[in-house]
There are 2 protein chains.
Amino acid sequence: MARRPRSSGSLDPRAQSILRAVIDEYVTTATPVGSNSLVERYGFGVSSATVRNILADLEASGLLTHPHTSAGRIPTDAGYRFFVESIVDSVILPPVEQLMIRHQFGQVQHASEQWFRLAATTLAAANRTAGLATAAKPRSAHVRRIDVVSISERLASLIIVFREGALRQVLVTLAGPTEQGDLTRAAVVLDELMAGRTAADAERALARIDGTGPIGGLVQHLGDRVLAAVRDYDSAVIEEVFSDGLLHVMAEPEFERSDKLRRVFAALENRAYLGQLFDSISGTNRVQVFIGAENGPEEMRDVSLVLASYGEPGRAVGVVGVLGPTRMAYPQAIGTVRFVSGLMNELVAHIHA
Amino acid sequence: MARRPRSSGSLDPRAQSILRAVIDEYVTTATPVGSNSLVERYGFGVSSATVRNILADLEASGLLTHPHTSAGRIPTDAGYRFFVESIVDSVILPPVEQLMIRHQFGQVQHASEQWFRLAATTLAAANRTAGLATAAKPRSAHVRRIDVVSISERLASLIIVFREGALRQVLVTLAGPTEQGDLTRAAVVLDELMAGRTAADAERALARIDGTGPIGGLVQHLGDRVLAAVRDYDSAVIEEVFSDGLLHVMAEPEFERSDKLRRVFAALENRAYLGQLFDSISGTNRVQVFIGAENGPEEMRDVSLVLASYGEPGRAVGVVGVLGPTRMAYPQAIGTVRFVSGLMNELVAHIHA
DNA sequence: CATTAGCACTCGCACACGTTGAGTGCTAAC
DNA sequence: GTTAGCACTCAACGTGTGCGAGTGCTAATG
């Protein structure tokens, strides 16, 4: 029975600090925490009996639970939520860690567009959980350059560079033996026709083209392929989700039995789900936290996501984040995700400069 | 006690068929198989007592074991090895399955160099295990084409196409504001200089270049980057190992507890190990099977690999294969791996035509 | 002499049972 | 409001027991 009825939302500062202590303790030990160990390790200046009363209150408010009568308390999703709300705006990553991460990004400054992979790897390492990241993808694709390279007599590699530096390669089987010279001429025509265009523009331009003549057919053939590739790039909500450190999650005690984790991984392979999720956070630049059942899918009820989008809302956006058990170190996760997304913002800005 | 001492290597045909039956049964049920269930389901025309005698012989030969005295038999690594040797040359994938796989490959005929991904996916699906594949990588890289595209004022995307169609992209920060015109001119110089060259040749050519003049510095700067990228591509034994269907392995009862599997996954992330392994089979085009402890690393003693290389030994080779528990359906695995590697051979030949 | 029926034996597994200990909730005193 | 005290609960652990699948051995058989 709750001794003093309280309105949810506000919380006695002492109760709040005890909630924090429970979360802190549970996150590190992974075992339910009891009143005794709390006063022992945190010593609130009160006895264990008092702490017990407060714990009972917190449970009545739905912030803690009991696995069974004679066990300690563990936080509920709502408990984590309350905790996260109370810290999410104030967390700042310590300068030492900031420096370490910056250093890692410096190492590969000019290694193609692999930054998002590095972001996932960095987040995974810094949190000992799984790191996730997608490449920044523009709202609508603009073609920047088209190139055609002969691979063999009847095979050519079609290379499409998009405005932000993203790149697509398509192998094209040719109708007959074709020399690099013709391919180059066709490439020039296509390049002039499509460079700077969106998919829709490019389609209109291609429709007006003269499909006859010595290389007209070739241009038409290649143009169709370019268009398909551009549309494909355009329509995918997320191009690729790169993840790293899934092994860390496997090592967590809640996933000792692999079937739970298997379902989580299966959910992560569901593009529709991830696409929708990432889309929902792509407006804001704030760090978003999804805790356990808040994720929606049944399979995800044992894990939490800490996500942030990066990029320029009107142009290109991507997502970085962390996935771990609901029992995860939220302050650390929020801090690193915020910092890395900031870093990615800088990089995107640098590209668009 | 073995009733009749036998030399290892040859085996009574009846004993052999019983070994097969044990493997067959164990692979499907995952539980030790006893003499009774054997005669029940396979009825060899003898009683269970006789089967028991033969089982004892097979155990004495090291092909079977006992988890404990009152349990049925399970195959040892040596037992699987014997079985695999006896079938490896005769397994042919049923035409129906051949057709299904061919069909899948037909669907994406012109989707860039993603074939190896499809190979992994197909193998995973066909065997309900993990599928592995690497892209075909040439012994020594030959540059086919170099292109430079301006991304922003001080940022350019350097695109290197290799002879077999492989592609590398490097973002380059420029010393000062540079127009596409200059970049294009530099690209032409580099293209003429390096196209058709190996890394070593390209290095020599680049050393002789005139680093002065209006675009000389630019060429030099970009050239260094190209060289680094080519060397990088050259030196990596395997570029990327794509895997699919790891979830299937997670579902196997031997990996119900996730720690075993975690170690396997960790081993798979060890590039040095995989590189050496893949290198060791890259000479031959035969299907190679590595069973349990044969793999070497302690972490891999519970899994088997069925691998085959594809490509043209002198030029470009890659690897496709399957990873599963030692208790895996070897005939099916061998059949699909052989067939898919054959398919990949065709594709590589097509590229080099 | 290979095969087989019969039988004692082994040992993991499932289940029941008592013990232990951490932790709770309640009450009465401060 | 806080606290000491205490009865109570329940998972975890170790032990004991019966069950059953399966073996290995022996002696009989065609």
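In this predicted model, the residues of the surface near DNA strand D divide into seven nonpolar, twelve polar and two charged. There are 21 residues around DNA strand D. Val46(A), Thr50(A), Ser70(A), Gly34(B) and Ser70(B) come nearest. Helix H3 (48–60) of chain A gives two or more residues to this surface, as do helix H2 (35–42) and helix H3 (48–60) of chain B. H3(B) supplies the largest share, four residues.

**Chain A against chain B**

In the contact between the two chains, 36 residues of chain A meet 36 residues of chain B. On the chain A side, strands S5 (143–152), S6 (155–162) and S7 (167–173) each give two or more residues. So do helices H10 (246–250), H11 (258–268) and H13 (330–352) of chain A. By class, this side of chain A has 19 nonpolar, nine polar and eight charged residues.

**A helix pair in chain B**

Two packed helices are described by the angle between their axes and the distance between the axes. Helix H6 (residues 115–127) of chain B and helix H13 (residues 330–352) of chain B have axes that come within 10 Å and cross at roughly 160 degrees. An angle over 145 degrees counts as roughly antiparallel, so H6(B) is roughly antiparallel to H13(B). The crossing of H6(B) and H13(B) is right-handed.

From H6(B), the contact takes in Trp115(B), Ala119(B), Thr122(B), Leu123(B), Ala126(B) and Asn127(B). They meet Gln332(B), Ala333(B), Thr336(B), Val337(B), Val340(B), Met344(B) and Leu347(B) in H13(B). The residues of this contact divide into nine nonpolar, four polar and no charged.

The class make-up of the three surfaces is set out here.

| Surface | Nonpolar | Polar | Charged |
|---|---|---|---|
| Near DNA strand D | seven residues | twelve residues | two residues |
| Side of chain A that touches chain B | 19 residues | nine residues | eight residues |
| Contact of H6(B) with H13(B) | nine residues | four residues | no residues |

**The sheet of chain B**

Three strands of chain B form an open sheet in the order S5-S6-S7, with antiparallel pairing. Strand S5 (143–152) and strand S7 (167–173) of chain B are the edge strands, and each pairs on one side only. Neighbouring strands of the sheet are turned by 20 degrees against each other on average, direction ignored.

Strand S6 (residues 155–162) of chain B is joined to S7(B) by seven bridges. In S7(B), Val170(B) is the bridge partner of Leu158(B). Helix H9 (residues 216–235) of chain B packs on the sheet and touches S5, S6 and S7 of chain B. The direction of H9 makes about 45 degrees with that of S6(B).

Key:
Residues are numbered from 1 along each chain as its sequence is written. Chains are lettered from A and ligands numbered from 1 in the order in which they are written. This is a predicted model: local features need pLDDT of at least 70, side-chain atom pairs count only at pLDDT 80 or more; totals for chains, interfaces and linings use all residues. A residue is near a molecule or strand if its C-beta atom, placed from the backbone, lies within 6 Å of it. Ala, Val, Leu, Ile, Met, Phe, Trp, Tyr, Cys and Pro count as nonpolar, Asp, Glu, Lys and Arg as charged, and the others, Gly among them, as polar. Axes are lines fitted to C-alpha atoms, for helices over the stretch in contact, and angles run from 0 to 180 degrees between N-to-C directions. Angles under 35 degrees count as roughly parallel, over 145 as roughly antiparallel, 65 to 115 as roughly perpendicular and the rest as oblique. A crossing is left-handed if the near helix is turned anticlockwise from the far one by less than a right angle, and right-handed if clockwise. Two residues are in contact if their C-beta atoms, placed from the backbone, lie within 7 Å. Two strands pair if DSSP finds at least two bridges between them.
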